[in-house]
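Student: Please pick a single part of this protein and take me through it slowly. I'd like to see how it fits in with the rest.

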Amino acid sequence: MGDLTPLAVTTLALLAERPMHPYEMYQTLRERHEDRLVKVSVGALYATVNRLAEGQLVAAVGTEQVGNRPERTTYQLLDRGRIAMRERIAGLLEQPQAMVTPFHVAIAVAHNLPSAEVIELLRVRLAGLDAELSEIDILLDSAAHRGVAEAYYLAGQFAREMARAERDWIAGLLDRLENGDLTWPAPS
């Protein structure tokens, strides 16, 4: 079944915990704030589960209907799915991945804007990163306070360090722009 998407890996990892129906998986991801790590919607999750079932990585183990709600199918992880998940996790851990984000593109072509505008925009981004760092710290402190094993929130710690590194880099760039240490071309 080709390379597993981040959502597919996350779905398989959830099913490694216990059988679930897709909406329960969605709720669990949101409760754990893992929706910050992978883009997820209910529709995308159902489509992912269907692809995993077609690939024989997961299987339906039952359906239930509560009240007037739609029928819900519960899925379980198959041995083939566990192997595929572990292989994909190992590959992702082992090999550096190019992290090209829209910000990478924006910073590469930012010289097309006047430096004063770039400075103002980066100040706004810096404030957003400060807010994000505060939120991540609160979530991590909460997890530690609740006795959650650290292995379960390593991704949050990594996100914090990545945001901190971006914040520090932008602060340094702002300093260079404001002090004139970085020559800025006049946009055409």
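Tutor: Let's start with a pocket. A pocket here is an open set of grid points with protein on both sides within 12 Å along at least five of seven lines, and its lining residues have an atom within 4 Å of a point. Keep in mind that this is a predicted model.

The second largest pocket holds about 170 Å³ of space. Its lining is made up of Phe-103, Ala-106, Ile-107, Val-109, Ala-110, Asn-112, Leu-113, Val-118, Leu-121, Leu-122 and Arg-125. Two elements, helix 5 (102-108) and helix 6 (115-145), each give two or more residues to that lining. Helix 6 gives the most, with four residues. Sort the lining by class and you get nine nonpolar residues, one polar and one charged.

Now for the cores. The largest nonpolar core has 22 residues, and Leu-4, Leu-12, Leu-15, Met-25, Leu-52 and Val-58 have the most contacts inside it. Helix 1, helix 2, helix 3, strand 2 and helix 4 each give this core two or more residues, and helix 1 gives the most, with six residues. There is also a second, separate core of 13 residues, including Phe-103, Val-118, Leu-174 and Leu-177. You've already met two of those names: Phe-103 and Val-118 are among the residues lining the pocket.

Helix 1 is the part to look at closely, so let's check its length. It has twelve residues (6-17), so at 1.5 Å a residue it should span 16 Å, and the 17 Å between its end C-alpha atoms agrees with that. The buried residues in helix 1 are Leu-7, Ala-8, Val-9, Thr-10, Thr-11, Leu-12, Leu-14 and Leu-15. What do they pack against? Their partners are helix 2 (22-31), helix 3 (42-54), strand 1 (58-64), strand 2 (72-77) and helix 4 (79-94).

Zoom in on two of those residues. Setting aside neighbours within four places in sequence, Leu-12 is in contact with Leu-4, Leu-52, Leu-57, Val-58, Leu-77, Gly-81 and Met-85. Next door is Thr-11, also in helix 1. Why does Thr-11 count as buried? Its relative accessibility is 1%, and buried means under 20%. With residues up to four places away left out, Thr-11 touches Met-25, Leu-45, Thr-48, Val-49 and Leu-52. Leu-52 therefore turns up in both contact lists, by the 4.5 Å rule for heavy atoms.

Let's follow those partners out to the loops. Most residues other than glycine have a negative phi. His-33, in the loop between helix 2 and helix 3, goes the other way, with phi near 65 degrees. His-33 is partly exposed, with a relative accessible area of 36%. Gln-56 sits in the loop between helix 3 and strand 1, and its phi is near 60 degrees, again a positive value in a residue other than glycine. Gln-56 is partly exposed too, because its relative accessible area is 48%.

One last stop is helix 4, where you'll find Ile-89. With a relative accessible area of 32%, Ile-89 is partly exposed. Ile-89 and Met-162 are 73 residues apart in sequence, and their C-alpha atoms are 20 Å apart in space.

How values were computed. Residues numbered from 1 in each chain as written. Predicted model: local features only at pLDDT ≥ 70, side-chain atom pairs only at ≥ 80, totals over all residues. Heavy atoms only, no water. Expected span 1.5 Å × (residues − 1). Buried < 20%, exposed > 50% of the residue type's maximum accessible area, 1.4 Å probe, protein only. 1 Å grid on protein atoms, 1.4 Å probe; cavity = no way out; pocket = protein on both sides within 12 Å on 5 of 7 lines; lining within 4 Å. Points joined across faces, edges and corners; volume = space filled by probe spheres on them. Nonpolar A, V, L, I, M, F, W, Y, C, P; charged D, E, K, R; others polar. Core = buried A, V, L, I, M, F, W, Y, C linked by side-chain atoms within 4.5 Å.
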